[in-house]
Amino acid sequence: MDILKDDFNFYHFTVDKAMKNKEFLKKINLSSRYIRRSVREKNIFVNGKLILQNLDLKPGDIVSIKIEEEELNAIAEEKELDIVYEDNDLLIVNKEPGIIAHAVNVEQRGTLSNYLAGYFLKNNIKRKIRLVNRLDRDTSGLIIVAKNSNAHSQLAKQMEEGKIIKKYMAILEGVIDRETIIEKNILRSEDGIKRIVDQRGQYAKTLVKPIKTFNNMTLAEVQLFTGRTHQIRVHLNYIGHSLVGDPLYGNPSPIIKRQALHSYYLKFNHPRTNKILEIKGELPCDMKALIV
């Protein structure tokens, strides 16, 4: 195996000026935890050769860090997936409605994690399933899957810092004719399931931009600036425009069997290259059928 040409099993970094190996490792775009583990497990190479000491690096040297193989952490099941982007570090899948994103335990079946495990197995991707973001069972749309622990760590940090831009397409009850910002704290209700607007809760901010109105409904783009559980559903209910088909915060609908909400847009920095990625996912058929 030519280490220097293997971008799936190794991270490669080119040295720009003379320095010690330990000094260089502190500068590269890898988490300190990942680097410590790589040192401990002897997974660091210079110009394709394993190194066991803190040697001097010169400009043009290539430092390679091995990405370990892993066992799958979910039962593999086969199902065709709508993968809208994939590379050596991550893939982005457009989840259909009605599927739970993450298995609660290793015995669970029928989740997106199970179908991703089937895809990994079929394509010889020997890594754990790591979901970066989650969606409710009945919310469709884009989910980022990291193919290694460092990619997951980098993306989770972006998520925590609010640097991953997430936009949704939503169909609302009633007519909204102007852009609306909702800044209301969200609190878990006493039943432990629903969330409510309450000043004792966590800060939450949502932007609603109407696109089209029809049949006393509004198609809107919704952007999250925070990531509270059920945030969009709670905020829209608060302003009197619940999602069409939302049985928990609004009303069941005879025209759609779930809340009409789709995560269609993601923008973030790639965990390896730091280049901006913008990804869009197509609306599912049940929401398309409502828009006239």
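Tyrosine 34 is a good place to start: this residue is buried, at a relative accessible area of 5%. Keep in mind that we're looking at a predicted model. The chain runs to 292 residues, and 49% of them are buried. Here's a quick tour, from the aromatic residues to the cores and then the whole chain.

**Around tyrosine 34**

- Searching the whole structure turns up four aromatic pairs.
- In one of them, tyrosine 34 meets tyrosine 11 edge-to-face, with 6.2 Å from centre to centre and 90° between the planes.
- Tyrosine 11 belongs to strand β1 (residues 10–14) and tyrosine 34 to helix α2 (residues 32–40), so their pairing ties together parts that sit 23 residues apart in sequence.
- Tyrosine 11 is buried too: its relative accessibility is 2%, which falls under the 20% cut-off.
- Add Phe13 to Tyr11 and Tyr34 and you have one aromatic cluster.

**Lysines over rings**

- Lysine 167 puts its charged end over the ring of tyrosine 265, 4.8 Å from the ring's centre.
- Lysine 205 lies over the face of phenylalanine 225, and here the distance to the ring centre is 4.7 Å.

**The nonpolar cores**

- As a general backdrop, nonpolar side chains in soluble globular proteins tend to be buried together.
- The largest nonpolar core in this model holds 31 residues, and Leu116, Ile143, Val145, Leu172 and Val208 have the most contacts inside it.
- Elements giving two or more residues to this core are the strands β8 (90–95), β10 (140–146), β11 (165–173) and β16 (217–224), plus the helices α3 (112–122) and α5 (231–238).
- Helix α3 gives the most to this core, with five residues.
- Take leucine 116: once you set aside neighbours within four places in sequence, this residue is in contact with Leu81, Leu91, Ile129, Leu131 and Val145.
- Another core, of 30 residues, lies apart from the largest one, and Tyr11, Ile35, Ile67 and Ile144 are among its members.

**The chain as a whole**

- Count the secondary structure and you get six helices and 18 strands.
- Along the principal axes, the C-alpha atoms fill a box of roughly 70 × 40 × 40 Å.
- Of the contacts with a separation of 6 or more, 64% are between residues 24 or more positions apart.
- The accessible surface adds up to about 15400 Å², and carbon and sulfur atoms account for 47% of that.

Methods: Residues are numbered from 1 along each chain as its sequence is written. This is a predicted model: local features need pLDDT of at least 70, side-chain atom pairs count only at pLDDT 80 or more; totals for chains, interfaces and linings use all residues. Side-chain values use heavy atoms; hydrogens and water are left out. Rings of Phe, Tyr and Trp (its six-membered ring) pair if their centres lie within 6.5 Å; planes under 30 degrees apart count as stacked, over 60 as edge-to-face and the rest as tilted. Helices (H or I, at least four residues) and strands (E, at least two) are DSSP runs, numbered from the N terminus. Buried means under 20% relative accessible area, exposed over 50%, partly exposed in between (1.4 Å probe, protein chains only). A charge sits over a ring if NZ of Lys or CZ of Arg is within 6 Å of the ring centre and within 35 degrees of the ring normal. A nonpolar core is a set of buried Ala, Val, Leu, Ile, Met, Phe, Trp, Tyr and Cys residues joined through side-chain atoms within 4.5 Å. Contact means heavy atoms within 4.5 Å. Accessible areas come from the Shrake-Rupley method with a 1.4 Å probe; for residues, only the protein chains shown count as cover.
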